[in-house]
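Reader: I'm new to this one. Could you walk me through it, a question at a time?

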Amino acid sequence: MEPLILFRTGFFGAPPSLAGLSEQDQAFFTSDQDRLPEATVVVFHIPDFSRRLHEDTPKYTGQSWVAWSMESTVNYPRLVDHAFMRVFDLRMTYERSSDIWNPYLPAPEAWWEAARLRRSEKRDDAQVVMFQSAAIDRSGRNAFASNLMARLPVHSYGRHLNNRQFTGPDLGRLSKLQTIRRYRFCLALENSVAPDYVTEKIFDPLMVGTVPIYRGAPNVADFAPPGSWIDGNLFKDPRELADYIGFLARTPAEYEKYFAWQARGPGDIPIFGDRMPPSEPFKVLLELVKGRQAGKRPRRRGMPHYPFGLLRAVQARVYRAVRGDKR
């Protein structure tokens with residue numbers, strides 16, 4: 001029996017991307033909600049999960065449900081809510097304890113490319129760049145950035161604290177990376193603090209030859225080369241950090257120490273010796289499902305049940321009927 005993996009939700013309102021999969025593997029995935037009864041696996045993107053839109057989802061005999069999220073548990077506390085999570089069979093998140101690990105960590109080949117990168121000439125009118133558009137702040141990053149900007153020039157290209165615009169066309173991520181590489185430092189401030197929640201905030205500057213000023217996950221040292229970033233938490237206040245940035249800008253030999261990892265390569269990144277990140281989490285999910293099905297008879301559909309409870313299912317169904325939502 002061939003597996004069928006159904007996306008019950010979108011990905012922040014858009015269809016989940018399967019660009020990293022071959023066309024053959026993409027055929028095992030669908031967003032066709034009419035195929036729910038025959039699905040082997042049902043994937044819920046938790047940030048898109050809505051009580052009134054999804055709690056009437058029936059679970060059929062033999063199905064596995066997946067809770068998928070790359071967002072911090074601080075921002076989405078239902079990810080650590082046992083009563084909610086108990087209905088799911090598998091977790092696919094940024095946490096290393098997940099059944100399917102879905103980190104932000106670049107692949108080893110990207111690190112090797114960054115290690116060989118020839119760094120571009122840096123700007124002199126400002127040492128620090130920042131890209132932040134979301135107002136979400138459960139880490140104190142907004143006040144931190146504002147206070148630092150009061151003490152030294154910071155060019156901010158995001159919507160938050162914006163004071164700079166691209167001089168050419170905005171090509172999305174490409175323009176962002178090309179801009180970051182022209183600065184000596186990049187503010188890398190996570191929107192919340194949680195173990196393993198290490199995002200592109202720190203990886204983007206490392207990939208283009210810029211030193212990140214990081215505040216976020218307490219175990220960030222597991223995810224980046226030793227000595228490659230500035231720990232913003234080690235300074236008593238933004239004034240002390242601003243003084244240190246000025247010192248590094250005036251002392252090239254000290255600044256260059258942050259790139260010693262390039263000569264060593266990425267081999268001493270602790271996480272690479274622990275557990276390699278999957279190149280494509282959905283590929284890992286598919287292989288896991290295939291492995292579980294190997295040699296098994298086709299499952300019987302049987303009568304479904306409602307994991308979130310019959311009352312909530314009825315409430316959701318009524319709400320959906322009033323809305324005219326047929327999902």
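Reader: Which residue forms a salt bridge with Asp204?
Author: Keep in mind that this is a predicted model. In it, the closest N and O atoms of the pair are 3.0 Å apart, and a salt bridge needs them within 4 Å. So the cut-off is met, and the partner of Asp204 is Lys176.

Reader: How many residues apart are Asp204 and Lys176?
Author: Asp204 sits in helix α7 (residues 200-207), while Lys176 belongs to helix α6. The pair links distant parts of the chain, and the separation is 28 residues.

Reader: And is Lys176 buried or exposed?
Author: Buried means a relative accessible area under 20%. Asp204 comes in at 2%. Lys176 has 18%, so Lys176 too counts as buried.

Reader: Which residues are joined into one network by salt bridges that share partners?
Author: Here the salt bridges have partners in common, and that links three residues. They are Asp25, Lys283 and Glu287.

Reader: What about Asp56, which residue does it pair with in a salt bridge?
Author: Look for closest N and O atoms 3.0 Å apart. Asp56 lies in the loop between α2 (51-54) and β4 (64-69), and its partner is in helix α13 (residues 310-323), so the bridge ties together parts that are 264 residues apart in sequence. Asp56 is buried at 2%, and its partner is buried at 1%. That partner is Arg320.

Reader: Now Arg184 and Asp124: is Asp124 buried or exposed?
Author: These two side chains meet in a salt bridge at 3.6 Å, N to O. Arg184 is in the loop between α6 (173-180) and β9 (185-189), and Asp124 is in the loop between α4 (108-116) and β7 (128-130), 60 residues away. Arg184, at 18%, counts as buried. Exposed means over 50%, and Asp124 has 63%, so Asp124 is exposed.

Reader: How many salt bridges does the count come to?
Author: The ones we looked at include Asp56 with Arg320 and Arg184 with Asp124. By the same rule, the count comes to 17.

Reader: On to the sheet: which strands stand at the edges?
Author: It's an open sheet of six strands with parallel pairing, in the order β2-β1-β3-β4-β5-β6. An edge strand has a single partner strand, so one side of it is left without a neighbour in the sheet. That picks out β2 (29-30) and β6 (100-101).

Reader: In β4, what is the bridge partner of His45?
Author: Strand β3 (residues 41-45) runs parallel to β4, and five bridges join them. His45 has its bridge partner in β4, and that residue is Trp68.

Note on methods: Residues numbered from 1 in each chain as written. Predicted model: local features only at pLDDT ≥ 70, side-chain atom pairs only at ≥ 80, totals over all residues. Heavy atoms only, no water. Helix = DSSP H or I, 4+ residues; strand = E, 2+ residues; numbered from the N terminus. Buried < 20%, exposed > 50% of the residue type's maximum accessible area, 1.4 Å probe, protein only. Pairing = 2+ DSSP bridges.
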